[in-house]
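Got a minute to walk through a fold together? Have a look at what is shown here, and then we'll take it question by question.

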Amino acid sequence: MKQYFKHYAESELGEGTAYMEITDGWPSRQIEVYGETWRWGDDAHNKHLADQPFEVLELGEEHEISVEEFERAWLEALKRCPPSS
């Protein structure tokens with residue numbers, strides 16, 4: 001089962017927004033947006049993919065989004081940062 005979330009994020013790049021796809025309790029795709037800087041991760045490109053199970057990520061119903069909203073952000077992330085091998 002897949003679930004989709006959007007939440008506040010903070011990193012060395014400042015404050016931003018993170019989008020996550022959770023598959024069977026684990027992050028499977030993730031997008032982070034910090035102003036004009038976008039980065040993403042998936043199973044094949046896991047540098048920017050959370051490595052903790054869903055239950056410790058402190059995401060609740062208030063963070064859930066639709067698959068369509070996630071996919072729009074995913075396509076934008078891939079457009080801005082094409083995958084490298």
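**Strands, a helix and two residues**

Gln-3 is found in strand 1 (helices, H or I with at least four residues, and strands, E with at least two, are DSSP runs numbered from the N terminus). This is a predicted model, where local features need pLDDT of at least 70, side-chain atom pairs count only at pLDDT 80 or more, and totals for chains, interfaces and linings use all residues. Residues are numbered from 1 along each chain as its sequence is written, and side-chain values use heavy atoms, with hydrogens and water left out.

Q: What is the mean pLDDT of the protein?
A: pLDDT is the predictor's confidence in each residue, from 0 to 100. Here 98% of the residues reach 70 or more. The mean for the protein is 93.

Q: Does Gln-3 count as buried, partly exposed or exposed, and what is its relative accessibility?
A: Buried means under 20% relative accessible area, exposed over 50%, and partly exposed in between (1.4 Å probe, protein chains only). Gln-3 counts as partly exposed because its relative accessibility is 21%.

Q: Which residues does Gln-3 contact, leaving aside neighbours within four places in sequence?
A: Contact means heavy atoms within 4.5 Å. With those sequence neighbours set aside, the partners of Gln-3 are Met-20, Glu-21, Ile-22, Phe-54 and Glu-64.

Q: What is the order of the strands in the open sheet?
A: Two strands pair if DSSP finds at least two bridges between them. Strand 1 and strand 2 (residues 14-23) do so over ten bridges in the antiparallel sense, and six bridges join strand 3 to strand 4. The sheet has four strands with antiparallel pairing, and the order is 1-2-3-4.

Q: Which strands have one side left without a neighbour in the sheet?
A: A strand at the edge has a single partner strand, so one of its sides has no neighbour in the sheet. The strands placed like that are strand 1 (2-11) and strand 4.

Q: Which residue in the turn between strand 3 and strand 4 has a positive phi?
A: These two strands form a hairpin with two residues between them. Next to the turn, Tyr-34 has Thr-37 in strand 4 as its bridge partner. The positive phi, about 65 degrees, belongs to Gly-35.

Q: Why do the buried residues of helix 1 line one face, and what arc do they fall within?
A: An α-helix has 3.6 residues a turn, so residues three or four places apart point the same way. In helix 1, Phe-70, Ala-73, Trp-74 and Ala-77 are buried. Seen down the axis of helix 1 (taking directions from the axis to the C-beta atoms), the buried residues line one face because they fall within an arc of 105 degrees.

Q: Which exposed residues sit on the face of helix 1 turned away from its buried side?
A: The buried residues of helix 1 have a cover that includes strand 1, strand 2, strand 3 and strand 4. The face turned away from that buried side carries Arg-72, Leu-75 and Lys-79.

Q: Is Gly-41 buried or exposed, and at what relative accessibility?
A: Gly-41 lies in strand 4, and five of the six residues of that strand are buried, so strand 4 is largely enclosed by the rest of the structure. Among the contacts of Gly-41 beyond four places in sequence are Ser-28, His-48 and Trp-74. Gly-41 counts as buried, at 0%.
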